[in-house]
Amino acid sequence: MPKAYWITTYRSISNEEKVAAYAELAGPALRAAGGTFLARGLPSRAFESGALERTTLIEFESVDAALAAYDSPAYQEALRALGDGAERDLRIIEATP
């Protein structure tokens, strides 16, 4: 089964405190669900239609594992802490074989 990648970009942040509360809960929740953080922060460069948005890249053993992490009670608690503190784009994609 191919690995999966969870990619989040932050289109806008309206409340840094809520984002910090989310990060404090989300990191441990996603690691506990088998996620490995590969990259986190602002892009060094962006090309074509790319935007210099805060981005997170997390590797999971499979799409099912990533989906289970998203649905987990611990991650849902992190989402509640984030609330309306940021507008994000979150995608889970399967690695190529």
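Helix 2 and helix 3 are oblique to each other in this predicted model, because the angle at which they pack, about 55°, falls neither under 35 degrees nor over 145 nor in the range from 65 to 115. The axes of helix 2 and helix 3 are 5 Å apart. In general, a pair of packed helices is described by the angle and the distance between the two axes. The contact itself is made by A69, Y70 and D71 on the side of helix 2, and by P73, Y75, Q76 and L79 on the side of helix 3.

One residue of this contact, Q76, can be followed further. Q76 has its place in helix 3 and, with a relative accessible area of 25%, is partly exposed, since the value for a buried residue would have to be under 20%. Once the neighbours within four places in sequence are left aside, Q76 is in contact with Y70 and D71, both of which belong to the helix 2 side of the packing described above. With Y70 there is also a polar approach, in which a polar atom of the Q76 side chain lies 2.6 Å from the backbone oxygen of Y70. Looking across the chain, Q76 and L25 are 51 residues apart in sequence, while their C-alpha atoms are 9.5 Å apart in space.

The two helices can next be placed against the sheet. The sheet is open and has 4 strands in the order 2-3-1-4, with antiparallel pairing. Strand 2 and strand 4 are its edge strands, each of them pairing on one side only, and neighbouring strands are turned against each other by 15° on average when direction is ignored. Helix 2 lies across strand 1, strand 3 and strand 4, and runs at about 155° to strand 4. Helix 3 also packs on the sheet, where it touches strand 1 and strand 4, and its direction likewise makes about 155° with that of strand 4.

Within the sheet, strand 1, which covers residues 4-13, is joined to strand 3, residues 55-60, by 6 bridges, and these two strands run antiparallel. One of the pairings between them can be given by residue, for the bridge partner of A4 in strand 3 is F60. Strand 1 is also joined to strand 4, residues 86-94, by 9 bridges, again with the strands running antiparallel, and here T8 stands opposite L90 of strand 4.

T56 offers a view of the sheet from within strand 3. At 9% relative accessibility T56 counts as buried, and, residues up to four places away in sequence not being counted, T56 touches W6, I7, T8, Y10, F37, A39 and R40. Of these, W6, I7, T8 and Y10 fall within strand 1, residues 4-13, whereas F37, A39 and R40 fall within strand 2, residues 36-41.

What, then, are the residues that touch the most other members of the largest nonpolar core? In this core of 16 residues they are W6, Y22, L30, F60 and Y75. Strand 1, helix 1 (16-32), strand 3, helix 2 (63-71) and helix 3 (73-82) each supply at least two residues of the core, and the largest share, 5 residues, comes from helix 1. As a general tendency, nonpolar side chains in soluble globular proteins are buried together. L30 shows how the parts are brought into contact, for, apart from its neighbours within four places in sequence, L30 is in contact with W6, G35, F37, I58, F60, A69 and Y75. Among these partners, A69 and Y75 also take part in the contact between helix 2 and helix 3.

The loop between strand 2 and strand 3 gives a contrasting picture, with E48 and S49 both found in it. E48 counts as exposed because its relative accessibility is 84%, and S49 counts as exposed at 78%, the cut-off for that class being over 50%. The backbone of E48 has a positive phi of about 55°, although E48 is not a glycine. S49 and R11 are 38 residues apart in sequence, and their C-alpha atoms are 13 Å apart in space.

Methods
Residues numbered from 1 in each chain as written. Predicted model: local features only at pLDDT ≥ 70, side-chain atom pairs only at ≥ 80, totals over all residues. Heavy atoms only, no water. Pairing = 2+ DSSP bridges. Core = buried A, V, L, I, M, F, W, Y, C linked by side-chain atoms within 4.5 Å. Buried < 20%, exposed > 50% of the residue type's maximum accessible area, 1.4 Å probe, protein only. Contact = heavy atoms within 4.5 Å. Polar contact = N/O pair within 3.5 Å; in protein donor to acceptor, adjacent residues only side chain to side chain. Axes fitted to C-alpha atoms, helices over the stretch in contact; angles between N-to-C directions.
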